[in-house]
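Me: I'm new to reading structures, and I'd like to understand the words people use for them. Could you go through some with me?

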Amino acid sequence: MAGVDGELYLGLDCSTQSLSAVVLESTGRRHHVVLERSLTFDAALPHYGTHHGVLPSSNPLVAHSSPVMWVEALDHLLAELAASGLDLRRLAAISGAAQQHGSVYLNDGAARGLDTLDPSRPLPPQIVPLLSRPTAPIWMDSSTRAECTAIETAVGGPERLAQRTGSRAFERFTGPQILKFASGEPAAYAATDRVHLVSSFLASVLTGRHAPIDPGDGSGMNLMDLAAAGWWQPALDATAPDLRARLPGLAPSSAIAGRLSPHWQFRHGLPAAKVAVWSGDNPCSLIALGLVREGRVGVSLGTSDTIFGPMREPRVDAGGTGHVFGSPTGEFMGITVFRNGSLARERVRDRYGLTWEGFSRALGASPPGNAGGLMLPWFEPEITPAVAVPGVRRRGLDEHDASANVRAVVEAQMLALALHSRWMGVTVDVLHVTGGAAANHAILQVMADVFGATVKRIEVSNAAALGAALRALHADRLDAGRPLSWDDTIDGLDAPPPASVHPAPTSHARYRDLLPAYAAFELAERG
Ligand code: ADP
Ligand code: XUL
């Protein structure tokens, strides 16, 4: 291990399906990854009964997960880190990333409860009594259409909401979710002292006191004034009574929320490391992919597929499908999100009894453009474009042809990424990719061909956790009076060069012709 005297920085990522950790070692102006670990919720914590990280529900529009499961996962992962052989006395700071929009509801016992966790007892029975709502609605929930309309109407229309908060109302955003809870379960809402995001909840668990929300994750709530990075009172009024008193404060992404509480110090022998404010997974991936200059574009192929890039000024999407979020740098980021990402690819893979290798071979066995055959892979309600009634649509595509269907799902997803990112107004020369499916070269080739751009894959398995570790380093240096610019934070990372996939000109020409046909099919079918 190089630079044995370096300080260590831990980045965590509580995503839909797993909790991951990346540890960076920093010596002088250079830093490098010394440890990566991950724990999958379904496999490691089967007693919660999640499927792909989501609790079972009879209503397909409802998607909740378990805050207690996330805390138990945190406990397991920190135990693994403590046993890893790394000298964690050198741990200077921790930060985190989390799936965005999800909300955790705590009662007025939480402030004291989090501060007095007993390290000798298991955590779950200590967390359960602090919750005013046992489960957390997550980003896959699409059960709040009526609440979205109510909020938009109350603030003066979807355009006004988008101008102020960065997005029109979306079903998964925290504001509509809070409205549904406050009106459907008023007694439980009345017993709620604090509504956290997944990110700020886990930061609170680590510090033992209510942690703030950063603008990167706060902008996914339909509650934050994007330009002012403060709560927007008309949106709070439209959402739930006395909401301001129930929300954490907002703080810059580089702020220190506190120190690792005595609980974690005793339980795992960790030092009183600084805990920097947590953020959303997409804002953290933005940092890990080095996207701090406007014009650069990233794609995450995780449970959701997302395409995003930095913005100096917030330019809201007139079409209403994209969002503007805060960037951890203090500027902004544009993003478009697709719900039918990896799980849709898995559905097609499983339908034809394939492994990922077989999936890649099947993709290669059909021609780019699929002889005009198209699919809309809306296995679940879709976010972009908004589709409430799920169902796969095919045109000119034989359902029994495995190879053509594999190609169709990937082509549809890549064409959708290209079509619905146009609003950001960026000419794409290079795409920086991450996420579980970025391991698949055949998928990246279709991406390169559709965009006519070089695709570069970062060689760290979890970009959001890496971004969180880089943010921890940045925040620590700022706090210590030795600030590091974002360029130096990113350029100082010693990492293997990214794998590059180049576009084939003939395939790109084929996709340029296909895009209008895809767009017309989507428009006709979205209802
Ligand atoms: P999240 O962070 O949203 O939990 P990940 O970025 O970890 O998700 O991605 C997990 C997904 O990666 C899995 O659901 C799986 O479908 C996908 N995946 C893993 N390996 C491959 C592969 N070789 N080809 C395509 N997809 C893959
Ligand atoms: C972003 C979004 C998802 C989640 C889950 O708006 O809904 O990307 O952050 O990763």
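Reply: Happy to; this is a predicted model, and we can take the two ligands in turn.

Me: What makes the pair between S15 and ligand 1 a polar contact?

Reply: A polar contact needs two N or O atoms within 3.5 Å. An N or O atom in the side chain of S15 is 2.7 Å from an oxygen atom of ligand 1, so the pair qualifies. A polar side-chain atom of T303 also lies 2.7 Å from an oxygen atom of ligand 1, and for Q17 the value is 3.2 Å, so these pairs count too. Taken alone, ligand 1 exposes 580 Å², of which the protein buries 77%.

Me: How do you know that S15 and T303 are near ligand 1?

Reply: Near means that a heavy atom lies within 4 Å. Ligand 1 is surrounded by 13 residues, and S15 and T303 are among the closest. By class, they divide into 3 nonpolar, 9 polar and 1 charged.

Me: Why is the pair between D281 and ligand 2 called a polar contact?

Reply: The cut-off is again 3.5 Å. A polar side-chain atom of D281 lies 2.5 Å from an oxygen atom of ligand 2, so the name fits. R172 also contributes a side-chain N or O atom, at 2.8 Å from an oxygen atom of ligand 2, while Q100 uses a backbone N or O atom at 3.0 Å. Ligand 2 exposes 290 Å² when taken alone, and the protein buries 97% of that.

Me: Where does ligand 2 sit?

Reply: Ligand 2 sits in the largest pocket, and ligand 1 sits in the largest pocket as well.

Technical notes. Residues are numbered from 1 along each chain as its sequence is written. Chains are lettered from A and ligands numbered from 1 in the order in which they are written. This is a predicted model: local features need pLDDT of at least 70, side-chain atom pairs count only at pLDDT 80 or more; totals for chains, interfaces and linings use all residues. Side-chain values use heavy atoms; hydrogens and water are left out. A polar contact is a pair of N or O atoms within 3.5 Å; within protein, one must be able to donate a hydrogen and the other to accept it, and residues adjacent in sequence count only if both atoms are side-chain atoms. Accessible areas come from the Shrake-Rupley method with a 1.4 Å probe; for residues, only the protein chains shown count as cover. On a 1 Å grid over the protein atoms alone, a cavity is a set of points where a 1.4 Å probe fits but cannot get out, and a pocket is an open set with protein on both sides within 12 Å along at least five of seven lines; lining residues have an atom within 4 Å of a point. A molecule sits in a cavity or pocket if more than half of its atoms lie within 2 Å of its grid points. Ala, Val, Leu, Ile, Met, Phe, Trp, Tyr, Cys and Pro count as nonpolar, Asp, Glu, Lys and Arg as charged, and the others, Gly among them, as polar.
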